[in-house]
Amino acid sequence: MTLKEKVTAALEDVRPALEAHGGNVTLIDVTDDGIVQVKLEGATVAIWGLTFKARTDDLRDSPAIEVASRLLAAGASVTAYDPTVEPGDESKAVPDGVRVVGDPLQASTDAAVLAVMTEWDQFRWVDLHRVAKVMTGDAVIDGRNLLNPTEVRAAGLSYDGIGRS
């Protein structure tokens, strides 16, 4: 199976969930070097953590900033929480269009997808049952393998830990 066929199959897996919550995903291109371009319409993504690592306020070279920029470029709405970024103070290199809020639960409200991008310890203790109630979707992508997959699933959410088998 080619990379483009694999990506197409993966998008078909997530399409029903996005459509059920007012979103849509369209494959634009898969380049020879493996770069995938998609268009997201109507999807809201929550990001927990904007700094490049916990216990710092440094946003330089943060993967979360790059992910947020790419999500916005693809047509998604992005709501984010980071303990070091105050709501309304997007002067710290937060991309235009990212709505910064005051707590993780507020960031998760109406999100189809939650992406954990920084390993802030406080994210471990967020009530995942409350998160599940305020989200419109159920997808959790844990880019730091911070959350306990069993606890995430017990809250009624799906879990994908980057690099976990």
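Where does Asp 61 lie? This opens a set of exercises on a predicted model.

**Exercise 1. Place Asp 61 and Arg 55, and classify their exposure.**

Solution.
- Step 1: Find Asp 61. It lies in the loop between S3 and H2.
- Step 2: Check its backbone. Asp 61 has a positive phi of about 55°, although it is not a glycine.
- Step 3: Classify it. Exposed means over 50% relative accessible area. Asp 61 is at 76% relative accessibility, so it counts as exposed.
- Step 4: Turn to Arg 55. This residue also has its place in the loop between S3 and H2. Its phi is near 65°, again a positive value in a residue other than glycine.
- Step 5: Classify Arg 55. Its relative accessibility is 65%, so Arg 55 counts as exposed.

**Exercise 2. Decide whether Thr 51 is buried or exposed, and find its side-chain partner.**

Solution.
- Step 1: Locate the residue. Thr 51 sits in the loop between strand S3 (44-48) and helix H2 (63-73).
- Step 2: Apply the cut-off. Buried means under 20% relative accessible area. Thr 51 is at 0% relative accessibility and therefore counts as buried.
- Step 3: Look for the contact. The Thr 51 side chain makes a polar contact with the side chain of Trp 120, at 3.5 Å.

**Exercise 3. Classify Val 38 and give its C-alpha separation from Arg 70.**

Solution.
- Step 1: Val 38 belongs to strand S2 (residues 36-41).
- Step 2: Its relative accessible area is 26%, so Val 38 is partly exposed.
- Step 3: Val 38 and Arg 70 are 32 residues apart along the chain. Their C-alpha atoms are separated by 9.6 Å.

**Exercise 4. Trace the strand order from S3 through S6 and S7 to S8.**

Solution.
- Step 1: Start at S3. It runs parallel to S6, and 4 bridges join them. Ile 47 has Ala 115 as its bridge partner in S6.
- Step 2: Move on from S6. Strand S6 (residues 113-116) pairs with S7 in the parallel sense, over 4 bridges. Ala 115 stands opposite Ile 141 in S7. Val 113 has Ala 139 as its bridge partner there.
- Step 3: Follow the connection. From S6 the chain passes through helix H4 (residues 128-134) to S7, a right-handed β-α-β crossover.
- Step 4: Go to S8. S7 and strand S8 (residues 158-161) run parallel, joined by 4 bridges. Ala 139 stands opposite Ser 158 in S8.
- Step 5: Name the second unit. S7, helix H5 (residues 149-154) and S8 make a right-handed β-α-β unit.

**Exercise 5. Compare the two faces of S6 with those of S7.**

Solution.
- Step 1: Take S6. Val 113 and Ala 115 point one way. Leu 114 and Val 116 point the other way, and all are buried.
- Step 2: Take S7 (residues 139-142). Val 140 and Asp 142 point to one face and are buried. Ala 139 and Ile 141 point to the other face and are not buried.
- Step 3: Read the outcome. Both faces of S6 carry buried side chains. In S7, the side chains alternate between a buried face and one that is not.

**Exercise 6. Describe the second largest pocket by volume and lining.**

Solution.
- Step 1: State the volume. It is about 160 Å³.
- Step 2: Identify the lining. Its residues include Arg 124, Trp 125, Asp 127, His 129, Asn 148 and Glu 151. Leu 128, Leu 146 and Leu 147 are also among them.
- Step 3: Sort the lining by character. It divides into 6 nonpolar, 2 polar and 3 charged residues.

Note on methods: Residues are numbered from 1 along each chain as its sequence is written. This is a predicted model: local features need pLDDT of at least 70, side-chain atom pairs count only at pLDDT 80 or more; totals for chains, interfaces and linings use all residues. Side-chain values use heavy atoms; hydrogens and water are left out. On a 1 Å grid over the protein atoms alone, a cavity is a set of points where a 1.4 Å probe fits but cannot get out, and a pocket is an open set with protein on both sides within 12 Å along at least five of seven lines; lining residues have an atom within 4 Å of a point. Grid points are joined across faces, edges and corners, and a volume is the space filled by probe spheres set on the points. Ala, Val, Leu, Ile, Met, Phe, Trp, Tyr, Cys and Pro count as nonpolar, Asp, Glu, Lys and Arg as charged, and the others, Gly among them, as polar. Buried means under 20% relative accessible area, exposed over 50%, partly exposed in between (1.4 Å probe, protein chains only). Two strands pair if DSSP finds at least two bridges between them. A crossover is right-handed if, with the strands pointing away from the viewer, the path from the first strand over the helix to the second runs clockwise. A polar contact is a pair of N or O atoms within 3.5 Å; within protein, one must be able to donate a hydrogen and the other to accept it, and residues adjacent in sequence count only if both atoms are side-chain atoms.
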